[in-house]
Amino acid sequence: MLGKILPKIGLSTIHLYKIPTFIANYEVRSTFKDLPPVSTCHTKPHPVTIFHSPRAPSALFFPTCLYDHLARSAPTILDDSLSADAYLNVLYMPSTFPRSERSRRALESASSNSIYSPDFEDGPRSNLDSLRYLECVNYLQEYARQHLLTFMFRHGHYNDGCMLFFPTNAVPPPPQPSNHGVVTSSSSPQRQDLLATDYGSIDDLCDMCIGYGAMSVLEEVISTRMLSTNLQDVAVNQYTAAALARICTYCETHKHFNYLYQFQVIKKDHVAAGLCCIQLFMNSSSQEEAIKHLEHAKMHFDEGLSARHKAGDSTKLVTKGIRGKSASEKLTEEGLVKFSARISIQVDVVKSFNDSDGPQWKHSFFGNPNDPETFRRRCEIAETLVEKNFDLAFRLIYEFNLPAVDIYAGVAASLAERKKGGQLTEFFRNIKGTIDDDDWDQVLGAAINVYANRHKERPDRLIDMLTSSHR
């Protein structure tokens, strides 16, 4: 009943009859929600508007209610897990890829607040002019800060939303104690989030940026902040470093590896960026893209190695006893050198295949060495390369200590099955001298058995090549 009369009365009437603010606010919002959409551009503003009343802070929810239809939620990410540890247990084979890892072309074309850019068609459109937008922001700052981030993103002001957490040369104020919050027992105090604000958490900001395709805006805000921050401002530097680490953790947890890479570059964590490039290589859809990521990975590992050499032995002493080391700290200099060398081999492997030979991850030898799937995949790659590029296959076999005799026997049997006599002769010429006599006979025996049992032929030429006298 109250909802039917409230639209006809003013604020003075509400205060005269001492209607509780929260009841009046609820009824007004409910009434407005039930009304059909109106064209606000043709509506004359009332001389006394509820936005100008400091006694009605909850009227700030009007823009949210009236413009709900402008918001577009991002689809839920429906990805299979790639790995419990996206770094050092690299890598599990992806079956699907995050739909949020969209082409960066559209994202980079959108400037910080250019919500009317023609290249950014799926962004929200706000019909609040700048004056009304600022009025709403001021009231939300005063009475409902927890809704300000969502409001800014719904109206396309992504840069403003990011600046709530990264104000220029400053740290955002800590959360204010709520008078309406639930009092918790002092016997079980909750751990305080040092990055929490009245506007939400860093994870909330990342959720918004992912949902609205505005991660590039967040990258720009943090890059500018790191370039402009005074090195003597310890508090600002510590907050920025902690926030950047939290963003990287968010991206890694949600498998947004393209975004993770960008923030690791901003963070100048060369080793972590190189490892992320390996994951991006695994996710590549083309040979060109795969080679690009591998080259970037090698570049970052070389830069990380150079940085450690410049730092000297001090880095080893500081990180030696730390528990829960990051990926950068877990890899030794020897490990970096090995990674860099293996990436060079991987580039050659990728170039030996075509896009038609299957997804790029099938040609990757990166992974947990104790994982049977990784071992099987490496053997298959080596066996295929023996026919394509024996020298590269030989490097691969001895780099990863693969069973050369078993791989060669498999190749010999396959060539015999297809009656590739010329290639079989060339193959035996290549492996001659790389294995001992007993293993040589075992490889020859694999081909001889195929000819005898499958093709019902006596391969006298191959039999004569046996070194054993017991034929």
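This report describes the predicted model of a helical protein, from its overall make-up to its core, one helix pair and some backbone details.

The structure is a prediction, in which local features need a pLDDT of at least 70, side-chain atom pairs count only at pLDDT 80 or more, and totals for chains, interfaces and linings use all residues. Residues are numbered from 1 along each chain as its sequence is written, and side-chain values use heavy atoms, with hydrogens and water left out.

The pLDDT (the predictor's confidence in each residue, from 0 to 100) averages 76 over the protein, and 66% of the residues score at least 70. Over residues 1-9 the pLDDT is below 50, and this stretch has 11 contacts in the model beyond near neighbours in sequence, a contact meaning heavy atoms within 4.5 Å. Residues 313-322 also have a pLDDT below 50, with 4 contacts beyond near neighbours in sequence.

The secondary structure comes to 23 helices and 0 strands, where helices (H or I, at least four residues) and strands (E, at least two) are DSSP runs numbered from the N terminus. Of the 471 residues, 42% count as buried; buried means under 20% relative accessible area, exposed over 50%, and partly exposed in between (1.4 Å probe, protein chains only).

The largest nonpolar core (a set of buried Ala, Val, Leu, Ile, Met, Phe, Trp, Tyr and Cys residues joined through side-chain atoms within 4.5 Å) holds 106 residues, and Phe301 is one of those that touch the most other members. Helix 13 (residues 270-282) gives this core its largest share, 9 residues. Leaving aside neighbours within four places in sequence, Phe301 is in contact with residues including Val271, Leu275, Ile278 and Phe339.

Helix 11 (residues 234-253) and helix 12 pack at an angle of about 155°, with their axes 9 Å apart; axes are lines fitted to C-alpha atoms over the stretch in contact, and angles run from 0 to 180 degrees between N-to-C directions. The two helices are therefore roughly antiparallel, a term for angles over 145 degrees. Among the residues that make the contact are Leu244 and Cys248 of helix 11 and Tyr259 and Phe263 of helix 12, and both Tyr259 and Phe263 are buried.

Most residues other than glycine have a negative phi. The table lists two non-glycine residues with a positive phi.

| Residue | Phi | Loop | Relative accessibility |
|---|---|---|---|
| Asn169 | about 50° | between helix 8 and helix 9 | 45%, partly exposed |
| Lys255 | about 60° | between helix 11 and helix 12 | 15%, buried |

Lys268, which follows helix 12, likewise has a positive phi, near 65°.

How values were computed:
Parallel < 35°, antiparallel > 145°, perpendicular 65-115°, else oblique.
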